[in-house]
Amino acid sequence: VTRNTVGCRSNPYSVLIAADSGVHSPSVVSPQGYSSGGFGRLREFTDQESNMCLLMNRVVDMANPERHTVYLTVSLFVTFLSNNKANPSMDEKQVAKKQSVLFRHFNTLLGYSNTEKCFTIPPARLRKSAVCNAFLSGIPEILDQNLTVGNQILPIILQLLVHLPSPQKLASDQHGLSYSLSLLSQHQRHLWLNSVILVLYKYRFDQQPVNDNIVRIIGILLKTLQNHSHECVDESEESKDISSWSTSVEQSDNEDEKLTRPESLTVTSIAEESDEFIRMVPSSRKGRHKESSTSSRPPPSHSDVDHSMVLRCQKCNEKLEVFDEESISLSLIALSTFLQRETAMAAPLLLKIIQAVTRVVHRPMYPWHDSEVFVIANCRSVAKQIMRVILHQLSTSGIALQLFDSPLKRDDPLWNVTAYSLNDFTDLSPVSFMQLLFEDMIEEWPSSLSLILRNLSLYIVHVSPDSFLNQWNNLVTHMETFFRTAHSKLTIDGGRKPTAADLHNAITIVMTTMRVQNYSSFKCSVALAESFGKWMGEVLHESPVQLEHLLAVCTACNRALIRERDKQTLSRAMIAELMQAIRFKCTLHASNYLTIARMVLQDSGEDIDSSFPDDEYNTAASEAVRPHLFEIIDFIADLHVLAKLKKEVAEVGDAGDIKVWLAEIVAVEMSRSSARDCRTVIRFIPWLMSPPSVTQAPPGAFADSVTNVRVLSWLLLGALSANTACLPVPIECSQHMADYIHFVLAGFADQSKQSVVHMSALFHAFHLCQLWTVYCERASTFSSPSAFSHLLDFWSRVTPAILQLLSHSKVLADMVNLHFLNTMQALQSVNSALLCRLYAMWSPILTAYHSAVPNQLRMKLDATENQPTLSPPQLSEWLKKVRFKIAQVELQTSAASPFYNV
C-alpha cells in the first residue's frame, strides 16, 4: 500500500477513499494513485452514507484479515493531513466543501455519530480499532504541523481523547466522574499525552465546546497522577470537618497517620468485561503478588476475554495503578502548560494540580529518585521543576495566600515538598515564599487566620534555618509588621479572637524563626519578640497555652538574643500579663494563671511536671519576676482577691491554687539567699521581726496581725509545696513567729466580736501553728539540725497563750478545744514527731475546763489516738486540704458571712 500510494501526496483526501475501497476490494489500489478518480468515489459514498456503518463493523472487527492494510492506509491519510502545504491550483471553496464531507465520513469510520455528536463504539473496542490507533498515532503530527486542519478537527480530537481511556462498558453509558489513563497501552498513552500537550500549547481552548473537554482531560490527568501515588484515606478522617482540628491542638498532634502506602493487595481478575471477581492474596513488602486467572479453564478464543490482573488495595479496595516515568512526566508537563496558558481557567483546579504534583515528588518511584544524583527523564525532577514554575509564575497573583489558606490535612506532604522544591531555586527561595504570604496578608487582611497560621507552622519547620539569611532578615521584618497589626486589630477592632490552636501555631512559627542562625543580627529581631509578646499576651486573655509551648518559645527568645534585657522580652511580657491579671486590670484564661506561675518556678529549678524533660528550657522568668515580688505579696495579703478570682475560675480550689503557686514563687526567691541571718525576711516581710506587744499594741495592731498570720500561712504553704531545700523564713525566726501567734490568741477574747475578720483569727493562728510545725520538722530532717529544738521553744511560748484563752468562758473553751484537737489530728495525719513528744502534755489541755473530754470531742480524740501511722499520706495531700480550708475561710470572711465553719 505504501509503495502504490506514493503518487497520492498531491491530493491527501483521496487516501480515505483508498481506505474505504481497500476494505471492500484491495485491487482498487493502482500505481497511478487516486488523484484522477478519487472524488468520483467520494460522491458515491456521499450518496450511500449508510454503507459506512457496514464498513465500520468490519473495521473494528478484530478478526478482520485486512486490519493491517486499514491501519497503514489511515496512517498515510493522517500523514497527508499533517502536510500544511496547500495545492495552489485547487479552489479553496471547493476544497473546503469536499474536506467537510471527507471528515464527516472519517468521523463515521472512527465510530462517531455526526448527528448525535457522540461515539457509538464503546471505548474498550475503540482502543483496539485499527482506524482509531492509526489516527491516534498521527494526531500529534497533525496538531503540530498543520494548524489549519488541526483547528478544524480539534473538537473531534478532544472528544476522542476524553472517550478513549473511559472505563464505561457501553457507548451509551455516561463517562465516569473520574478515571485515569490506565486502560490505554503505554504507546497509546504517550500519543494521548503528546496530543494533549500540543493542544494546550498551540491552540485556543477557552471557548465552548472545546473548554469543557479540556477540563475533562485535565481531570483525567489529575486522576492518573493521584492513582499513581495511591494513598489510603481512613473513612473516619473523611467525615471530620475542618473545624475539628482547628479547635484542639492536642487532638491534632496525637492523630495517627491516616495516609499509608498499601502493604497488602487485592488481585482482581477480569474474566469478562461484565464480570469481576476478587481474590485475596498474601502481601509482602518486597513486591506485589500476582495470581494468574488461567488456572481455571479459559473460555473460547472467539469471546472477548481480558486475562490481565488488576491490583487493589486491601485497605480501601481502590485500584492500584503504576505508570511509566515518561507518562508521569508528560502528564506533569500537560498540567503545567494548562496552568501557564489559561491561569483563570485553571484557578478552580489549582490546589488539586499542586497536590497531584506534590504526590509525585513525595513518593519516589525508584531509590535514585531520592538521591542528589541527577537522572535524565526522572519524573520526580520534572515534578520538582514544575512545582517551582507554578509557584514562581503565580507569585504575584496571591498563590502563597491561597495555598496557606487552604484546608489541608496535617500530614499533607505539600509543605515538605514545597520547601524541598524551592530549596535550590534561585528565583524563589522557601523563605521568600513565606515573605510573599505576609505581604499578601498585610495588603489584604484575611477574615480568619486559623488556617494560615496552622499551615505556616507546618511549612516553616521544613525550611533550613542555616541558609537564605538575607531572606530571613526580610521575613522577620514582615513578620514583626504582621504581629503588630494583628495585635492592633485584636485590641481595636474587637474581631474574632485567636483560639488555642492559633496560639500554638503562632508559637511554632516564631520559635522556629528565632532559631535561625544569627537571628540577633537581624534588623527587627528584638521588635519581633516585642510585637509577638504583645499579641500573645492579648491572646492569653481567652485562650489557654500549654506549659511546654510557653517554655519553648520563651527559651528560644532567651537563646536567640544577646542583651540580657532583650533575652527576657517574652518572659517579661508573660509575667506582665499575670501581674495585670492579679491587679484585676485584665482577665486571663483560668489555666494561664498557673501556667505562667509554673514557668517561673521551672526556671527557678522546681520540679513542676514529670511528663516532659524540663532541663532543656531556660526562660529567665525567675529573673523577670523579681521586680514584681512585692506586688505578689500584696496580692497574697489581700483578703478579697479569692472572691474576685472565683468569678473567673471555676472552683474555689483553683483560686486557692493560684494564690499558693504565687506564694511558692515568693518563697523560692526568698530562700535563694544562702545566708542564715534574717536579711531576706527584713527585705520582704520586715514586720515579722517586730511583732506587736500585748501591753502596748496600737489600735489596728490586731487586724494587721491577723493579716500577717494569713500571709505567713500562705508563704509556708508555698514553701512546703516546693523542693525540700526551700526555706524562705529562717528557723531562727521561730521566736517571732510564736510572738505573733501569742499576740493573736491573747487578744482574741476581746477582739473576736468586733468583726468577721477578727473572728477568723483563731482559725488562722492554729493553722499557722500546724504549718510551722511541719515546716520545722522538714528542715530538721534535711538542712537544719537545730530546727526541732526551735520548734519545742515555739510551742513552749504558744501553749500558755492557749491555756490562758481556755479560762475565759465555756463557749470559748469549746471553740479552742476544737481547734486544738484539729491541730493534733492534722499532726497525726502527717506523722509528726512533735506530737509523740508533747501528746502527754497536750491531752490535759482538753480537760482544763471540763472534768472529762466532752462527748462531741471524744470521737475526734479517739480517731486521732487510733489512727494508723505505718503509711501516712503524702504531704502534698495534706497541703491540698489545708490550702482549701484557708481559701474557704478567706472567701467566707470576705463576704462577711455570719456562718463560720472550723
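A residue counts as partly exposed when its relative accessible area lies between the buried limit of under 20% and the exposed limit of over 50%. In this predicted model, Arg 672 therefore falls in the partly exposed class at 39% relative accessibility, whereas Glu 669, with a relative accessible area of 8%, is buried. These two residues form a salt bridge in which the closest N and O atoms are 3.1 Å apart.

The salt bridges in the model come to 15, and among them are pairs that link distant parts of the chain. Asp 144 pairs with Lys 202, with 2.6 Å between the closest N and O atoms, and this pair, 58 residues apart, connects helix H7 (residues 130-145) to helix H9. Both partners are partly exposed, Asp 144 with a relative accessible area of 35% and Lys 202 at 34%. A salt bridge of 2.4 Å, N to O, likewise joins the side chains of Glu 631 and Arg 583; Glu 631 lies in helix H30 (residues 629-637), while Arg 583, 48 residues apart from it, belongs to the loop between helix H27 (569-582) and helix H28 (590-603).

Helix H9 (residues 186-202) also packs with helix H8 (residues 147-163), the two axes coming within 11 Å and crossing at roughly 130°, so that the helices are oblique to each other. The crossing of H8 and H9 is left-handed. On the H8 side the contact is made by Leu 147, Leu 154, Leu 158 and Leu 161, which meet Trp 192, Ser 195, Val 196, Val 199 and Lys 202 in H9; by class, this contact has 7 nonpolar, 1 polar and 1 charged residues.

Methods:
Residues are numbered from 1 along each chain as its sequence is written. This is a predicted model: local features need pLDDT of at least 70, side-chain atom pairs count only at pLDDT 80 or more; totals for chains, interfaces and linings use all residues. Side-chain values use heavy atoms; hydrogens and water are left out. Axes are lines fitted to C-alpha atoms, for helices over the stretch in contact, and angles run from 0 to 180 degrees between N-to-C directions. Helices (H or I, at least four residues) and strands (E, at least two) are DSSP runs, numbered from the N terminus. Angles under 35 degrees count as roughly parallel, over 145 as roughly antiparallel, 65 to 115 as roughly perpendicular and the rest as oblique. A crossing is left-handed if the near helix is turned anticlockwise from the far one by less than a right angle, and right-handed if clockwise. Contact means heavy atoms within 4.5 Å. Ala, Val, Leu, Ile, Met, Phe, Trp, Tyr, Cys and Pro count as nonpolar, Asp, Glu, Lys and Arg as charged, and the others, Gly among them, as polar. A salt bridge is a side-chain nitrogen of Lys or Arg within 4 Å of a carboxyl oxygen of Asp or Glu. Buried means under 20% relative accessible area, exposed over 50%, partly exposed in between (1.4 Å probe, protein chains only).
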